[in-house]
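Biologist: I should like to learn how to read the features of a structure that is new to me. Could we go through them in turn?

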Amino acid sequence: ETENVDALTDVVNAAVQLAIQSLVREKKKVVLFPGGTARLTNEDCSPDTSVTWMWDTYSQVAGAVKPLAKPGSKWFFLAADYAFGHSLQKDGAEIIQAQGAEVVGAVRHPFSTSDFSSFLLQAQNSPANFIAFANAGSDSTTSIRQAAEFGVQSSGKKTVALFLTLHNVKSLGLQAAAGTQLTESFYWNADEGTRRWSARYSAAVGNGGKPSISHAGVYSATRHYLKSVVAARSKDAKVVTAKMREIPIKDDIVRNASLRPDGRMVHDTYLLEVKKPNQSTSDWDLYNVLQVIPGSQVFRPITESSCPALKKTG
C-alpha cells in the first residue's frame, strides 16, 4: 500500500503463499506464483488476483507417476511425516491405483532425517518395482544419496523422486542420483527455446549456472502479466487477470500453455531421468528427457476442482 505495488511474484513457501493469497484478494492486487501448493488453484483459489504458473504439488506427483504406473506395477512410498509428504503420498497412491498399479507398502520418516537405512531396507525388501520418495529438500537429497549407497537400483528397483529439482541433482552429483526419475515443467536443455533463454539467463547472472524452474517461472509469469497490462490498458487486478487468460502465452520457456479460469496455467511438462556420469557432456547436462507430457495429463482436471470461484460462475 505504501509503495503502490500492483503485483507480487517469487513467493515459494506454501504457508506464505496462502497468507499472500488472502492479502492480495483483500487489497485487489495480483500475485504471480512460479509454483506451489495445489490449494492455490483449488480450495483456496482466487483467480481474479492470483495465478500459479509452472508446477503445483499435484502436477509434481502426476508427472512422475502417471507415465510409469503401468497396470501390474508395484510401488512403495518413502514419505516425509508431515502435511507436505502426506499430500504427495495420497495423490500418488490415488493415481497409481486408478491406473491399475498397486501400492505394496509405505513408510514415513521424520522431518530432517539423517539416517534412512531402516526405511530404505523396508523399501528394498518389499516386492515393489518402484520406490517413490515423497519428500523434499535435504530429506530428498539425503534419501536418494543413501539409496545409491544401499544399491537400491542395482537390486532391480527404480527410484522416483516426487519433488527434486535441477539444483538438488547438481548438489547430489550424478554418481549418487543417476537413474532417478522425476518430473519438472522446465529444463534448460529441453529444446532450442529453453536453451536460448537459459543462455541469456547465464550471461545475465554471470556465474555459469543454469536457471531453475522457479527462475524460469518468475520470468515467464511476469512477462505475460506485463503483456496483459499493456493489452488491457489497465492495472486493475480483475481486468489484467482476465486478459492473461485471453491472450496467448508464448515465450521460450513454456509450450502449449493456457491459463484456466481457476488461475492454474497448464502446459507441457517432462518426465526426466538423471544421467549416468558417462552420459553427461557438460556441468549442467544432467537429465535425459524420457517423455514430453501434455498439461492435460499432468494438472488436476478442472472438472475435479473445488475452486469456489468456478461454482459462482456456474
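Modeller: Certainly. Please keep in mind that this is a predicted model. Let us begin with the empty space enclosed by the protein. The residues that line the largest cavity divide into two nonpolar, three polar and five charged.

Biologist: How is such empty space found, and which residues line the largest cavity?

Modeller: Rolling a probe the size of a water molecule over the atoms shows where empty space is left. In this structure, the lining of the largest cavity consists of Ala38, Thr41, Asn42, Asp56, Tyr58, Arg260, Asp262, Arg264, Arg300 and Ser305. The space in this cavity amounts to about 70 Å³.

Biologist: How many cavities of 30 Å³ or more does a search of the whole structure find?

Modeller: The search finds four cavities of 30 Å³ or more.

Biologist: Let us turn to pockets. How much space lies in the largest pocket, and which residues are the closest to its centre?

Modeller: The largest pocket holds about 770 Å³ of space. It is lined by 32 residues, of which Ala14, Trp55, Thr57, Phe84 and Phe163 are the closest to its centre. The elements that contribute two or more residues to this lining are α1 (14-27), α2, α3, α6 (166-172) and α9 (213-232). By class, the lining comprises 13 nonpolar, 14 polar and five charged residues.

Biologist: Two of those elements are α2 and α3. At what angle do the axes of these helices cross?

Modeller: Two packed helices are described by the angle between their axes and the distance between the axes. Here, helix α2 (residues 57-65) and helix α3 (residues 83-98) have axes that come within 9 Å and cross at roughly 45°. The two helices are therefore oblique to each other. The crossing of α2 and α3 is right-handed.

Biologist: Finally, how should a sheet be read? In which order do the strands of the open sheet lie?

Modeller: Strands of a sheet pair through backbone hydrogen bonds, either parallel or antiparallel. In this case, three strands form an open sheet in the order β1-β2-β3, and their pairing is parallel. The edges are occupied by β1 (7-9) and β3 (50-56), each of which has a single partner strand, so one side of each has no neighbour in the sheet. On average, neighbouring strands of this sheet are turned by 15° against each other, direction ignored.

Biologist: How many bridges join β1 and β2, and which residue of β2 is the bridge partner of Leu8?

Modeller: β1 pairs with β2 (residues 30-36) in the parallel sense over three bridges. The bridge partner of Leu8 in β2 is Val31.

Notes. Residues are numbered from 1 along each chain as its sequence is written. This is a predicted model: local features need pLDDT of at least 70, side-chain atom pairs count only at pLDDT 80 or more; totals for chains, interfaces and linings use all residues. Side-chain values use heavy atoms; hydrogens and water are left out. On a 1 Å grid over the protein atoms alone, a cavity is a set of points where a 1.4 Å probe fits but cannot get out, and a pocket is an open set with protein on both sides within 12 Å along at least five of seven lines; lining residues have an atom within 4 Å of a point. Grid points are joined across faces, edges and corners, and a volume is the space filled by probe spheres set on the points. Ala, Val, Leu, Ile, Met, Phe, Trp, Tyr, Cys and Pro count as nonpolar, Asp, Glu, Lys and Arg as charged, and the others, Gly among them, as polar. Two strands pair if DSSP finds at least two bridges between them. Helices (H or I, at least four residues) and strands (E, at least two) are DSSP runs, numbered from the N terminus. Axes are lines fitted to C-alpha atoms, for helices over the stretch in contact, and angles run from 0 to 180 degrees between N-to-C directions. Angles under 35 degrees count as roughly parallel, over 145 as roughly antiparallel, 65 to 115 as roughly perpendicular and the rest as oblique. A crossing is left-handed if the near helix is turned anticlockwise from the far one by less than a right angle, and right-handed if clockwise.
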